[in-house]
Amino acid sequence: MAPEMLPPGSVIGMLGGGQLGRMMALAAARLGLSVHVYCPDPESPAFEVSKAHTIAAYDDETALAAFAGRCDVVTYEFENVPACAAEVIAGKTLLRPGALALATSQDRLVEKTFLRKAGAEVAAFAAIDGIDDVDAAIAVTGLPAIVKTRRFGYDGKGQRKVDSREALVAAVAELGGGDLILEALVPFAMEVSAIVVRGADGKSAVYDIGENSHANHILKETRVPARVSPETADAAATLGRRIADALDYVGVLGVELFVVRDARGERLVVNEIAPRVHNSGHWTEDGAVTSQFENHVRAIAGWSIGSVETVAPTVMENLIGADADAWAAITADPRARLHLYGKAESRPGRKMGHVNRVG
Ligand SMILES: Nc1ncnc2c1ncn2[C@@H]1O[C@H](COP(=O)(O)OP(=O)(O)O)[C@@H](O)[C@H]1O
Ligand SMILES: [Mg+2]
């Protein structure tokens, strides 16, 4: 046994107690690993499937230090872990994925700069720190373009599509006046994602590329395999690996990509990366030999990663808000694999569960 392999019984710390943390905790339990969830919300879906939990704020350094002291490795289910929390934890125990992955993915400007340096094509982009930057930014991206907050955006929040200089000036004011990024609008034919897993030994694997469709800026469906050329699928996997290597990454990494089709054929533009298990990887629970959750746990525990092979073509449907009320009808189809997150309250736009249909 390599010395860095955490044995069964080891404690995995999890920052965040939502559905991603819950599914990671379930996967960890199956491997005989114990999970301690840290989350400020007393109603966290991950609490009921984990051995221990701490209810405290992400900037409570005393609580964080006590938590980290009880864990053999700490991971997270969301990328907005404050830098100070990451520092406290990394000073006490292993933090996987590491601080570089967090810092890179928390800020869209840092992220796009990193991706370009790693050899990925990204949309033309420019920083906007105030109204004075608007003209120079438009000169880089052209119009239409998308203005986004550099930090804390998700599910399409904190961004506006703009068609004119006037619209951009108004959007800049609406989005806080600065700390923004302007991106050229990518005329994509399809959105896909690459779910990459990289072990502590540097070995990596990429699941079959998923084709994503959104409704109201929230992921609605992932279909695997994506309807792209084999060359494009290979290129996405290669890109995913290269990005994980450049971050010296340990765990599962989600890479969101645009497929652009023009006279020259198909090409890939990277949109963003997520240093965690990803909603577009939920199909792997039923459609792949090893799920993304299990592989994340194996990687952070220093274990070898499991096969990412697809068992059969799979479609994952997100159950958002009232969609989950149809749970009985969904289970009437014996091939539908239902996953519910145990959230007490259903709200429009809230992710309540998902269904995988395999084969
Ligand atoms: N530069 C772009 N060109 C075209 N569409 C974009 C661009 N940036 C974002 N989008 C669209 O908006 C969605 C959300 O943007 P994204 O940057 O992924 O933010 P979020 O963090 O909210 O997921 C994308 O999935 C895509 O459909
Ligand atoms: Mg996104």
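This passage walks through a predicted model, from its domains and metal site to a few side chains and salt bridges. Residues count from 1 along each chain as its sequence is written, chains are lettered from A and ligands numbered from 1 in the order of writing, and side-chain values use heavy atoms, with hydrogens and water left out. Since the model is a prediction, local features need pLDDT of at least 70 and side-chain atom pairs count only at pLDDT 80 or more, while totals for chains, interfaces and linings use all residues.

The chain is split into domain 1 (11-95), domain 2 (124-184) and domain 3 (190-358), with bounds that come from an automatic or database domain assignment. Taken over C-alpha atoms, the centres of domain 1 and domain 2 sit 34 Å apart.

On to the metal. The magnesium ion (ligand 2) has Glu256 (OE) and Glu272 (OE) as its protein donors, at 2.0 to 2.2 Å. Donors here are N, O and S atoms within 2.8 Å of the metal (3.2 Å for Na, K and Ca), and water is not among the atoms, so sites may look incomplete. The pair links distant parts of the chain, 16 residues apart: glutamate 256 belongs to strand E14 (residues 251-262) and glutamate 272 to strand E15 (residues 265-274). Helices (H or I, at least four residues) and strands (E, at least two) are DSSP runs, numbered from the N terminus.

Glu272 turns up again around glutamate 111, a residue of helix H5 (residues 108-117). Leaving aside neighbours within four places in sequence, glutamate 111 is in contact (heavy atoms within 4.5 Å) with Thr104, Ser105, Glu272 and Ile273. Its side chain also reaches the backbone nitrogen of isoleucine 273 at 2.9 Å. That is a polar contact, meaning a pair of N or O atoms within 3.5 Å; within protein, one must be able to donate a hydrogen and the other to accept it, and residues adjacent in sequence count only if both atoms are side-chain atoms. What is missing around glutamate 111 is a salt bridge: the residue is buried, and the nearest side chain of opposite charge, arginine 108, is 4.9 Å away. For reference, buried means under 20% relative accessible area, exposed over 50%, and partly exposed in between (1.4 Å probe, protein chains only). A salt bridge needs a side-chain nitrogen of Lys or Arg within 4 Å of a carboxyl oxygen of Asp or Glu. In assigning charge, Lys and Arg count as positive and Asp and Glu as negative, with His and the chain ends not counted.

Threonine 284 is another buried residue, at 0% relative accessibility, and is placed in helix H9 (residues 284-287). A polar atom of the threonine 284 side chain lies 2.6 Å from the backbone oxygen of glycine 281, and the side chain also reaches the backbone nitrogen of glutamine 292 at 2.8 Å. Not counting residues up to four places away in sequence, threonine 284 touches Tyr207, Thr290, Ser291 and Gln292.

Lysine 220, in strand E13 (residues 218-224), is partly exposed at 22% relative accessibility. The side chain of lysine 220 has a polar contact of 2.7 Å with the side chain of aspartate 323 and reaches the backbone oxygen of asparagine 318 at 2.7 Å. Among the other residues that lysine 220 touches are Ser213, His214 and Met316. Lysine 220 and leucine 319 are 99 residues apart in sequence, yet their C-alpha atoms are 7.8 Å apart.

As for salt bridges, the whole structure has 24. One of them pairs lysine 112 with glutamate 183 (2.8 Å, N to O). Lysine 112 lies in helix H5 and glutamate 183 in strand E9 (residues 180-184), so this pair ties together parts that are 71 residues apart in sequence. Both ends are buried, lysine 112 at 1% and glutamate 183 at 4%.

Glutamate 211 and arginine 227 form a salt bridge too, with the closest N and O atoms 2.6 Å apart. Glutamate 211 is in strand E12 (residues 210-215) and arginine 227 in the loop between E13 and helix H8 (230-246), so parts 16 residues apart in sequence are tied together. Glutamate 211 is buried at 10%, whereas arginine 227 is partly exposed at 49%.

Aspartate 262 and arginine 264 meet in a salt bridge at 3.7 Å, N to O. Shared partners join Glu121, Asp262, Arg264 and Arg267 into one network of salt bridges. Within this network, aspartate 262 is partly exposed at 34% and arginine 264 is exposed at 72%.
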